[in-house]
Amino acid sequence: MGGITLFVQPTTNAKNIKYVFDGYFRNYYGVDNPKTPSCTPDDYVPYISTVYLNTIPKDIDSNLIDSAIDSDLSRKELAKKLSNFQDDRVSGFNGAMIYDLKDESVIIYTFDLSSPNEIRKTIIKKERIISSDDMGNAICKSIEGKILPSEP
């Protein structure tokens, strides 16, 4: 199976909007999903084969997830644990997306596990995350050219 495996989790502050992200990923991403949106006018389609929304490796907790958005050391630790994770569906993740809620904004942090010091930050207004177009644009901005190949 081609594509990348993406670990997607909220910070402690954003747990109450998890259902929005979960619903969006379930609806629009996955292997051969015809609803996967294009990210650019050039038709860049992010090829995500597997998204982990609820499965969290045993040695990863909310403190590590929360600190990974600000700390290079924590991000490296998280990247190592995710890269080494194995179960019946994946043998290591390729990327991580952590989203946070600050004031009236949702901040999406994304990084490639092979280069965790390079983190991308995308901001969307909280009231806009229910718009599939706005949510799709924010997710595309956070992953485009950073962790995803444009084809399988």
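The accessible surface of the chain amounts to about 7,700 Å², and 45% of this area belongs to carbon and sulfur atoms. These values, like those that follow, were computed from a predicted model. The chain comprises 152 residues, of which 49% count as buried. Among contacts between residues at least 6 apart in sequence, 59% join residues at least 24 apart.

The chain contains four helices and five strands. Read from the N terminus, these elements follow the order β-α-β-α-α-β-β-β-α. The five strands form an open sheet with mixed pairing, in which the strand order is β2-β1-β3-β4-β5. Strands β2 and β5 (119–125) occupy the edges, where each has a single partner strand, so one side of each lacks a neighbour in the sheet. From one strand to the next, the twist averages 25°.

Two of the strand pairings illustrate the mixed character of the sheet. Strands β1 and β2 are paired in the parallel sense over four bridges, and F7 stands opposite Y52 of β2. Strands β3 and β4, by contrast, pair in the antiparallel sense over eight bridges; G95 has D112 in β4 as its bridge partner. Two helices were examined with respect to the sheet. Helix α3, which spans residues 72–84, lies across β1, β3, β4 and β5 and runs at about 60° to β4. Helix α4 also packs on the sheet, where it touches β2, β3, β4 and β5, and its direction makes about 165° with that of β5. Although β2 stands at an edge of the sheet, five of its five residues are buried, so this strand is largely enclosed by the rest of the structure.

The largest nonpolar core consists of 23 residues, and within this core F25 and V106 touch the most other members. Two or more residues are contributed by each of β1 (4–10), α1 (18–28), β2 (48–52), β3 (95–102), β4 (105–112) and α4 (132–143). A further core of 19 residues lies apart from the largest one and includes Y52, F85, V90 and I98. The contacts of V106 were examined individually. When residues up to four places away in sequence are not counted, V106 touches I17, F21, Y99, D100, L101, T122, I123, I124, K126 and I129.

Aromatic side chains were considered next. The structure holds six aromatic pairs. One of them, formed by Y52 and F93, is edge-to-face, with 5.0 Å from centre to centre and 90° between the planes. Because Y52 lies in strand β2 and F93 in the loop between α3 and β3, this pair ties together parts that are 41 residues apart in sequence. Both Y52 and F93 are buried. F93 also forms an aromatic pair with F85, and this pair is stacked, with a distance of 5.6 Å from centre to centre and an angle of 20° between the planes. F85, like F93, is buried. Ring pairs link F7, Y52, F85 and F93 into a cluster. Within this cluster, F7 and Y52 are the residues that stand opposite each other where F7 faces β2, while Y52 and F85 are among the members of the core of 19 residues.

Notes. Residues are numbered from 1 along each chain as its sequence is written. This is a predicted model: local features need pLDDT of at least 70, side-chain atom pairs count only at pLDDT 80 or more; totals for chains, interfaces and linings use all residues. Side-chain values use heavy atoms; hydrogens and water are left out. A nonpolar core is a set of buried Ala, Val, Leu, Ile, Met, Phe, Trp, Tyr and Cys residues joined through side-chain atoms within 4.5 Å. Buried means under 20% relative accessible area, exposed over 50%, partly exposed in between (1.4 Å probe, protein chains only). Contact means heavy atoms within 4.5 Å. Accessible areas come from the Shrake-Rupley method with a 1.4 Å probe; for residues, only the protein chains shown count as cover. Two strands pair if DSSP finds at least two bridges between them. Axes are lines fitted to C-alpha atoms, for helices over the stretch in contact, and angles run from 0 to 180 degrees between N-to-C directions. Rings of Phe, Tyr and Trp (its six-membered ring) pair if their centres lie within 6.5 Å; planes under 30 degrees apart count as stacked, over 60 as edge-to-face and the rest as tilted.
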